[in-house]
Amino acid sequence: MRRFGAVIGLRPEHRETYLRLHSEVWPAVEARLTASHFTNYTIFHRGEWLFAYYEYTGDDYAADAAAIAADPVTQEWWKLTDPCQLRLDGTPDGEQWAPMTEVWHLP
(Lines give C-alpha, C1' and ligand atoms only; values in the text may rest on other atoms or scores of the structure.)
Protein backbone atom coordinates (compact mmCIF):
# COMPACT_ATOMS: atom_id res chain seq x y z
CA MET A 1 0.00 0.00 0.00
CA ARG A 2 1.23 3.50 -0.86
CA ARG A 3 -0.10 6.59 0.89
CA PHE A 4 -0.36 9.99 -0.78
CA GLY A 5 -1.56 13.37 0.38
CA ALA A 6 -1.95 16.96 -0.72
CA VAL A 7 -2.49 20.35 0.80
CA ILE A 8 -4.43 22.67 -1.50
CA GLY A 9 -5.43 26.28 -1.00
CA LEU A 10 -8.92 27.30 -2.06
CA ARG A 11 -9.46 30.73 -3.54
CA PRO A 12 -11.73 32.46 -1.02
CA GLU A 13 -13.97 33.83 -3.77
CA HIS A 14 -14.47 30.28 -5.13
CA ARG A 15 -14.86 28.37 -1.86
CA GLU A 16 -18.65 28.02 -2.09
CA THR A 17 -18.41 26.97 -5.75
CA TYR A 18 -15.86 24.31 -4.86
CA LEU A 19 -17.99 22.94 -2.03
CA ARG A 20 -21.09 22.83 -4.26
CA LEU A 21 -19.20 21.01 -7.02
CA HIS A 22 -17.76 18.64 -4.46
CA SER A 23 -21.19 17.61 -3.25
CA GLU A 24 -22.64 17.32 -6.78
CA VAL A 25 -19.84 15.60 -8.71
CA TRP A 26 -17.63 13.91 -6.14
CA PRO A 27 -19.60 10.63 -5.69
CA ALA A 28 -19.05 9.69 -9.36
CA VAL A 29 -15.36 10.63 -9.18
CA GLU A 30 -14.90 8.62 -6.00
CA ALA A 31 -16.47 5.56 -7.66
CA ARG A 32 -13.87 5.79 -10.46
CA LEU A 33 -11.04 6.14 -7.93
CA THR A 34 -12.24 3.13 -5.96
CA ALA A 35 -12.46 1.03 -9.13
CA SER A 36 -8.82 1.96 -9.82
CA HIS A 37 -7.56 0.86 -6.38
CA PHE A 38 -7.40 4.34 -4.86
CA THR A 39 -9.05 3.88 -1.47
CA ASN A 40 -9.72 5.72 1.77
CA TYR A 41 -9.88 8.94 -0.19
CA THR A 42 -10.46 11.69 2.34
CA ILE A 43 -10.89 15.40 1.80
CA PHE A 44 -11.43 17.86 4.60
CA HIS A 45 -11.47 21.63 4.83
CA ARG A 46 -9.97 23.96 7.35
CA GLY A 47 -10.64 27.58 6.52
CA GLU A 48 -9.28 28.18 3.03
CA TRP A 49 -7.18 25.00 3.06
CA LEU A 50 -8.17 21.63 1.69
CA PHE A 51 -6.32 18.56 2.91
CA ALA A 52 -6.59 15.33 0.96
CA TYR A 53 -5.37 11.80 1.46
CA TYR A 54 -5.63 8.46 -0.31
CA GLU A 55 -4.12 5.00 -0.26
CA TYR A 56 -3.21 3.11 -3.41
CA THR A 57 -3.66 -0.66 -3.05
CA GLY A 58 -3.28 -1.86 -6.65
CA ASP A 59 -0.35 -3.43 -8.46
CA ASP A 60 -0.01 -1.11 -11.47
CA TYR A 61 -0.11 2.53 -10.39
CA ALA A 62 0.63 3.92 -13.86
CA ALA A 63 -2.21 1.97 -15.50
CA ASP A 64 -4.71 2.87 -12.78
CA ALA A 65 -3.69 6.54 -12.87
CA ALA A 66 -4.11 6.52 -16.67
CA ALA A 67 -7.62 5.05 -16.32
CA ILE A 68 -8.57 7.85 -13.95
CA ALA A 69 -7.05 10.51 -16.21
CA ALA A 70 -9.05 9.14 -19.16
CA ASP A 71 -12.34 9.09 -17.28
CA PRO A 72 -14.65 11.88 -18.59
CA VAL A 73 -16.36 12.43 -15.23
CA THR A 74 -13.02 12.87 -13.49
CA GLN A 75 -11.79 15.17 -16.26
CA GLU A 76 -14.89 17.32 -15.81
CA TRP A 77 -14.29 17.41 -12.05
CA TRP A 78 -10.73 18.66 -12.54
CA LYS A 79 -11.80 21.20 -15.15
CA LEU A 80 -14.46 22.64 -12.85
CA THR A 81 -12.50 22.63 -9.60
CA ASP A 82 -8.97 23.57 -10.70
CA PRO A 83 -9.82 27.29 -11.04
CA CYS A 84 -10.96 27.23 -7.40
CA GLN A 85 -7.53 26.20 -6.18
CA LEU A 86 -4.41 28.15 -5.33
CA ARG A 87 -0.98 26.75 -6.08
CA LEU A 88 1.32 26.42 -3.12
CA ASP A 89 4.74 28.01 -3.54
CA GLY A 90 7.23 25.37 -4.53
CA THR A 91 4.57 22.99 -5.92
CA PRO A 92 5.04 22.40 -9.66
CA ASP A 93 1.97 22.83 -11.86
CA GLY A 94 0.03 19.60 -12.02
CA GLU A 95 1.88 18.12 -9.05
CA GLN A 96 -0.12 18.48 -5.88
CA TRP A 97 0.06 14.91 -4.65
CA ALA A 98 3.12 13.63 -2.88
CA PRO A 99 3.99 10.56 -0.81
CA MET A 100 2.75 11.18 2.71
CA THR A 101 6.29 11.40 4.06
CA GLU A 102 6.77 14.52 1.89
CA VAL A 103 3.38 16.22 2.35
CA TRP A 104 4.20 17.74 5.71
CA HIS A 105 7.23 19.45 4.18
CA LEU A 106 5.23 21.42 1.59
CA PRO A 107 5.39 25.17 2.11
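**Exercise 1.** Determine how strand β3 is paired with strand β1 and with strand β2 in this predicted model.

*Solution.* Start with strand β1 (residues 2–10), which runs antiparallel to strand β3 (residues 49–56) and is joined to it by eight bridges; strands here are DSSP runs of E with at least two residues, helices are runs of H or I with at least four, and both are numbered from the N terminus. Two strands count as paired if DSSP finds at least two bridges between them. Within this pairing, V7 stands opposite F51. Next, seven bridges join β2 (residues 38–46) to β3, again in antiparallel fashion, and T42 stands opposite Y53. Finally, the hairpin of β2 and β3 has two residues between the strands, and G47 takes a positive phi near 65° there.

The model is predicted, with local features requiring pLDDT of at least 70 and side-chain atom pairs pLDDT 80 or more, whereas totals for chains, interfaces and linings use all residues. Residues are numbered from 1 along each chain as its sequence is written, and side-chain values use heavy atoms, leaving out hydrogens and water.

**Exercise 2.** Describe the surroundings of T81 in helix α3.

*Solution.* First, place T81 in α3, which spans residues 72–81. Then consider accessibility: T81 is buried, with a relative accessible area of 0%, where buried means under 20%, exposed over 50% and partly exposed in between, for a 1.4 Å probe and protein chains only. Its side chain reaches the backbone oxygen of W77 at 2.8 Å. Leaving aside residues up to four places away in sequence, T81 touches Y18 and L21, contact meaning heavy atoms within 4.5 Å. On the same basis, Y18 touches T81 and further residues, including L10, I43, L50 and W77.

Notes: A polar contact is a pair of N or O atoms within 3.5 Å; within protein, one must be able to donate a hydrogen and the other to accept it, and residues adjacent in sequence count only if both atoms are side-chain atoms.
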